[in-house]
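Biologist: Could you pick one part of this model and take me through it closely? I'd like to know what pairs with what, and which side chains are covered and which are not.

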Amino acid sequence: MTEAAAEPGATHPVRRRDRGRWARTALRPARHADPATGRAARPASAAWRRGVRLPPLVWDSLVPALLLLNIVTTDGSHEFPAAVALTAALALPLLWRRRAPRTVFAAVTAAAFVQWLMGIQLPADVALLVALYTAAANSGRRGTLVAGALVEAGALLACLRWAPHGAFLTPFVAVTAMVVAAAVLGVNVRTTRAYLAALEERADRLRQQQDQQARLAVAEERTRITREMHDIVTHNLSVMVALTDAAVYAQHRSPDKATAAMLQISETGRQALTDMRRSLGILRTDEPDAERHPLPGIAQLEALADQMCAAGLPTGLEVHGGHAHIPATAQLTVYRLVQEALTNTLKHTPAGTRATVRIRCSTEAVTVDITDSGPHRPRPAAAPSGHGIPGMRERSAAYGGALQAGPLPEGGWGVRTRLLLDSGGASSA
């Protein structure tokens, strides 16, 4: 609850949070209190934003233009033509420094050497620092050292020639500091550029890995849904067909049994629809079916055995050990394995066959053993990978188990596996 207090002279009460916001607003210095200052600042900021967006060639032309303008407007000596020519030779190559930094550095260095031979001092020598910065920003360590050594040698020659008598050290140290600063700035720019490129490459690689993982997750989810739908549809349709045949056979001799079989068919169909909706992820938790039909597990094996008995396959169930500690996904795997094995027995064995299901639970593993008393004869070929027995092998392998399915020496058919609860596949099942 937020308390409200009436401010003196106010019509409506003001909450504490609003008063704090009003106080911060009142204490904050006003921007552009003077209307004239505000009007002047807005065009200046707009002009700065437009200037920042100028093409690189425009920025590169500023230094040559300023150097040429300086020499034209300030130099009135008899060396004016040579000074203008040397200034142009030093400054104009900077226009192409982004495209060919080494060539531009070589051209500027050559022009500076000619200037030193002619003995003309020019402000355009700052072009050497710009060229050094560009070379350091676009070259490796060896190129940067060579470029810095050349400029430093030029600085030494210039100070030896033009430094006042007895004052060599001060200008030499100043020029050396500028050379080092230009080189270090270029190296920092190159390092930052390489770091950003590495970050972009890493981001692209992570994006590709995420896309690949997403595609793998989608493929795994499709495989899971396909396996679940196969088990649900195959089992429930087999039970419904068997119950329908029994109802047709008993409709004249025993109407009560026929009615019970038809009711069982209806219940089986509803159960199949509920399982299909849950497998497809469209069953909302607020629907009553979600509470009446929990996720199938070991506790639902008794109902499964009763269903198979009603369909004409007498099934015995033995569960040894507690199963409360077993994860829900592992219990679902046990349920689907038993469901698939009993469905195969119902479809491929004659009347009178009996099935037995034995489940042994421990803290480390769950053992599943399904046998039947059918005749010793070969079963039909397995369905494509992901269905039938291959699908059972995949479910078992997800928990580190090796499923064994085949005829028994004493007759009948057996399916056996052992699911490891602490296996790595359990977490991904």
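Modeller: One bit of vocabulary before we start: a residue is buried with under 20% relative accessible area, exposed with over 50%, and partly exposed in between. Arg 207 is a handy test case, since its relative accessibility is 45% and it therefore counts as partly exposed. Keep in mind that this is a predicted model.

For scale, the protein chain has 429 residues, 33% of which count as buried. It holds 14 helices and seven strands. Among the contacts with a separation of 6 or more, 65% are between residues 24 or more positions apart. The accessible surface comes to about 26100 Å², and carbon and sulfur atoms make up 61% of that.

The part I'd zoom in on is strand E4, residues 355-361. Its side chains take turns. Ala 355, Val 357, Ile 359 and Cys 361 point to one face and are buried. Thr 356, Arg 358 and Arg 360 point to the other face and are not buried.

Now for the neighbours of E4. Strand E3, residues 315-320, runs parallel to E4, and six bridges join the two. To get from E3 to E4 the chain passes through helix H12 (residues 328-348), and this β-α-β crossover is left-handed. If you want pairs to click on, Leu 317 is opposite Val 357 of E4, and Val 319 has Ile 359 as its bridge partner. Both of those E4 residues, Val 357 and Ile 359, belong to the buried set.

E4 also pairs with strand E5 (residues 365-372), this time in the antiparallel sense, over seven bridges. The link from E4 to E5 is a hairpin through three residues. One of the pairs here is Thr 356 with Thr 371 of E5. So E4 has a parallel partner in E3 and an antiparallel partner in E5.

Back to the face of E4 that is not buried, where Arg 358 is worth a look. The side chains of Arg 358 and Glu 318 meet in a salt bridge, with 3.6 Å from N to O. Arg 358 is in strand E4 and Glu 318 in strand E3, so this pair ties together parts that are 40 residues apart in sequence. How covered are the two ends? Arg 358 has 26% relative accessibility and so counts as partly exposed, and Glu 318 is partly exposed too, at 32%.

That brings us back to Arg 207. A search of the whole structure turns up two salt bridges. Besides the one between Arg 358 and Glu 318, there is one where the side chains of Asp 204 and Arg 207 meet, at 2.7 Å from N to O. Asp 204 and Arg 207 are both in helix H8 (residues 169-250), three residues apart, which is about one turn of the helix. Asp 204 has a relative accessible area of 37%, so it is partly exposed, and Arg 207, at 45%, is partly exposed as well. So one salt bridge sits within a single helix, whereas the other links strand E4 to strand E3.

Key. Residues numbered from 1 in each chain as written. Predicted model: local features only at pLDDT ≥ 70, side-chain atom pairs only at ≥ 80, totals over all residues. Heavy atoms only, no water. Helix = DSSP H or I, 4+ residues; strand = E, 2+ residues; numbered from the N terminus. Right-handed = clockwise from strand over helix to strand, strands pointing away. Buried < 20%, exposed > 50% of the residue type's maximum accessible area, 1.4 Å probe, protein only. Contact = heavy atoms within 4.5 Å. Areas by Shrake-Rupley, 256 points an atom, 1.4 Å probe, with all protein chains shown as cover. Salt bridge = Lys/Arg side-chain N within 4 Å of Asp/Glu carboxyl O.
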